[in-house]
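Got a moment to look at a structure together? Let's ask where some of its labels come from.

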Amino acid sequence: MDNRPSRHRLVRIRSSRCEPPGQRRLPIREIGGALVRIGLLTEGGYPYVSGDAKLWCDRLVRGLDQHEFDIYALSRSEAQEDEGWVPLPPQVNRVITAPLWTAEDDGVVHGRRARRRFTECYGELVAALCAGGPVEAPATEADRFANALYGLAELARDEGGLVGALRSEGAVRALERACRAPGAPRAAREARVPDLLAVAAHLEQALRPLSLDWYEDDGLGAVDLCHATSGGPAALPGLLAHHFAGVPLLVTEYGVRLRTHYLNAAESSPAVRALLTAFHGRLAAETYGRATIVTPGNAHARRWQERCGAHRDKLRTVYPGMDATRFAEVGESPECADPETLVWVGRVEPAKDLVSLLHAFADIRKEEPKTRLRIIGAPSGPEGKAYLGHCRALAAQLFPDEADGPHAVGDNPVSFEEIGGPELPTLADAYAAGAVTVLSSVVEGFPLGLVEAMFCGRATVSTDVGAVVEVIGGTGLVVPPRNPRALAEACVVLLRDPERRARLGAAARARALELFTVEQNITAFHGIYLEIVSRTPVRRVLLDDTGEPLPFAAPAEAHVPGRWTGPTARLVARGGPTWAAGPPVRATTPIPATEGA
Amino acid sequence: MSDLGELDRPGPPAGAAAWDERSQEWLPETTNTEEQPAPVAPPELHEPSAERAPGHTPPPTTTRRTAADPVKALMHRHRELCERAVDPLEIAAGLEAHGVTDRTAARFRHRDVFSLAEEMYARIPRDGDTPTPLAPPEPPGSRAGWALRALLPGTLCTATLAGLHLTHGRARLAVAAVGILAVALAVRAALARGPLSTRRPATHRPGSSTWTYWLLAYALLGDGLLRAALTGGPDSLPDGTPDSPWPLVTTPALALTWACAPAAWSAHLLAARARRKLTASRGLEDFAASVRPLLLGTFTLFLATLAALLAVSGPTLNEPPPYAQTLTLGALLLLARLLTVHGFTHAPVVILRATAAAQATALATVFAARLPGCDALAAPVRTLTTLWGPTTIQTLTCGTGALILLIHATRTLTRASAHAQPERGC
């Protein structure tokens, strides 16, 4: 362990400490509980107002108030920083932020030796990128990448000036050498000078967490475990904390960052994509390799993680949790539904394939002429608006307006509505409107709409996309995507069989309450935290004044809930004797070690 | 928790238009949906086909589109994805974004999407042609803006000099003060935008402007002061006339302020041409070799324009144009600015400071020689001025500085990293 003090602030870090409001809360005592200090690593997420997955992080932090959280947040843009933070609960000890969108050159110019060290490490790093495929690289290459990465991190910690060095001509030259080396992939060999510059710039950006001063003993070195809330840049500080201070790392990925990178990087030239995907692939493999536990959000993310080198033993699927109370009333009164109405709820966009749903509804109407379809949701973006217009036109074309009798005003059996109106004030009302909920997407991640329908105790018919089969289990009907006839048949079966509808709905609600609640999510993470601290505790060796290791410096009581030694842990009841509120008295006075003792 | 589902969305295909086309295709194709296989579901699922109402024909197991090679058809459908893919995972990600799941992959006799993507990646025909590199986009910002702004200092300087010629006494002093302020602000404005602006404000170091002001002041007053000092003066402050004992030389000021425009244009030329060479060159060495003549060419072009400006402004102001010292000073300032613009801030500050210090030392030695017993101090300056005249000091100092910066620039400005596109927000 490196105990050298920090000598430089490499990147401007605005840190602020969130003091708990008023008196410190009393710790919750439970048998077998332990106080875990968690370093929550986020990138463009919590605690920023516009962050990804901030709701999940907020529930996690609020739900585990027996633990302490240090939040290390990388912000994604200036606009995000300006929007500010969400209110933080008192168990958040401190929030340290660093901008990932800009890096100030710290003005450090490397000396000859540091330059050579940089060239060596960077050369190794890019050489490892140019050897073998992105993920299926041999173990030696993965090792080479990791060593080079940690070498650069150590250089940044010892000397600083990594931002300037990563932008320098030396870095570009090293890249060129690696690309022209024999054995480099074809795309990399064809890299031109602008490609090299683009790769160097992107690597500089991706490696910015290396220059942070988070890895000292009073920073990430002091936490019991690092919890990275996504892969990629957020996990990099966790990796370095693991390298420098031996802090165990937990990685949660609700969306696989590597796949996001593949989908986003479509515009760059082949050489840039080849090198950058190699970098992100290696980084993901290293993250999964070093992490103590990796928690994917569903089986789909899990398959990607396994593919990228995560060992099967480390993977624990933790489903996202949703607030079930909103749907409790609807879920417990399934008889209020209109038995002849199908409901589709979601955001209107092309991937939802409403066209297919409308064609299926045409088939359903042939069998069950009284059925109605309510499409509930707002369009997302201009594309969604165009798609919604198209769907309205198609619905008008397929289904003429109908009336009950010759003197009544008719309307279309397909209605397009939005939540928030007088008819459907809440989301739960939307699901309550119909007996059967339909999901017709062609592309889907984790189908939250389906989970909501399950909470409402509705029978569902969904297409077999994304994590649908995994979510629904056996509690709903599943048909292939882009198959309106199969969708129609499944809907007709359910419309004709109210008993089966009720059975399926009850089963779906039971399944959702078991698997997809917030409590389930928080309990799972609580268990994982305790497992990590018990299995792979941080071994901290404290040194005394003479540099000798201090035995029993970090006693087991340090993990007992509440602060036993700190001045804030005065557990005096209100109205207690005033003398009891004095400074805490040490149970044992430290005895100076003498030769005879 | 409405955002976690979005995180794992594989991402839909973009553009509503394509989807509308597809939905149009549905209309005639609805009768052909039996080409899709029967609803697949895990064993515990309720299978709709099992409870189909009597009278329905079960879907035929043979499919219309299944040719001998289904993967080939799939590759054709996703040919753009296949053509640009750099590894199998990219194809896998793209296929998933189009709704291909493991169940779909099973139809192609693959275990999962990954192995399907691997087969597709392995079967991509690889011919030798590489896509031609695209021309780099022009950096945003209007050219007219900075081109006009670069003319501002020269215009204001001309106006000030005209004012000085027309006024006397107190009014003249006021005109001079206002003119100097206006020209200084105009120069700042000209350097704030356009090709002479620093792209990285964070790396800007203060200090170079102080030394630049000193060098300009020396160009106007220094030679006169030196000449006066060597002859025992100066006895009075400069009064702004060329024939006083401490004369004011205004030609360099006029030429240099007008030279802001050619400086901006040569910086623009260098940046634009270098970007084009960047796209065209294959290696860093190629790029350096092609940029070096470009750099020297633009530099020479600037010097030629400055010389022409001097030749015009000298007779206008009835002064002999001080070619050597103004050209060296102009070269020094241009190179310092070019280096700063491309991110090399250290060398220009050092050289400008050293040049100013040398000039100050030369003046100081002459004055210090008046102290008793210190005659020898002025000997070097006195020798130089008697040999080549009092302008030698400025020419020598600025020339040396410019030469050093030129050598430095041929090494640093030919690097590809100096011409990298300014960083865009991530």
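What follows is a short chat about a predicted model.

Q: What makes β11 and β12 of chain A a pair of strands?
A: Two strands pair if DSSP finds at least two bridges between them. Strand β11 (residues 434-439) and strand β12 (residues 459-463) of chain A are joined by four bridges, and they run parallel, so they pass that test. In that stretch, Thr437(A) stands opposite Thr460(A) in β12(A).

Q: What is the strand order of the open sheet in chain A?
A: The six strands go β10-β9-β8-β11-β12-β13, with parallel pairing.

Q: Why are β10 and β13 of chain A called edge strands?
A: Each of them, β10 (414-417) and β13 (477-479), pairs on one side only. From one strand to the next, the twist averages 20°.

Q: Why is α11(B) called oblique to α13(B)?
A: The axes of helix α11 (residues 251-258) and helix α13 (residues 284-316) of chain B cross at roughly 135° and come within 9 Å. Angles over 145 degrees count as roughly antiparallel and 65 to 115 as roughly perpendicular. The crossing angle falls in neither range, so α11(B) is oblique to α13(B). The crossing is right-handed.

Q: Which residues of α11(B) and α13(B) meet?
A: On the α11(B) side they are Thr251(B), Leu254(B), Ala255(B) and Trp258(B). Their partners in α13(B) are Leu306(B), Leu309(B), Leu310(B), Ser313(B) and Gly314(B).

Q: How do the residues of that contact between α11(B) and α13(B) divide?
A: Six are nonpolar, three are polar and none is charged. Gly counts as polar here, so Gly314(B) goes in the polar group.

Methods: Residues are numbered from 1 along each chain as its sequence is written. Chains are lettered from A and ligands numbered from 1 in the order in which they are written. This is a predicted model: local features need pLDDT of at least 70, side-chain atom pairs count only at pLDDT 80 or more; totals for chains, interfaces and linings use all residues. Helices (H or I, at least four residues) and strands (E, at least two) are DSSP runs, numbered from the N terminus. Axes are lines fitted to C-alpha atoms, for helices over the stretch in contact, and angles run from 0 to 180 degrees between N-to-C directions. Angles under 35 degrees count as roughly parallel, over 145 as roughly antiparallel, 65 to 115 as roughly perpendicular and the rest as oblique. A crossing is left-handed if the near helix is turned anticlockwise from the far one by less than a right angle, and right-handed if clockwise. Two residues are in contact if their C-beta atoms, placed from the backbone, lie within 7 Å.
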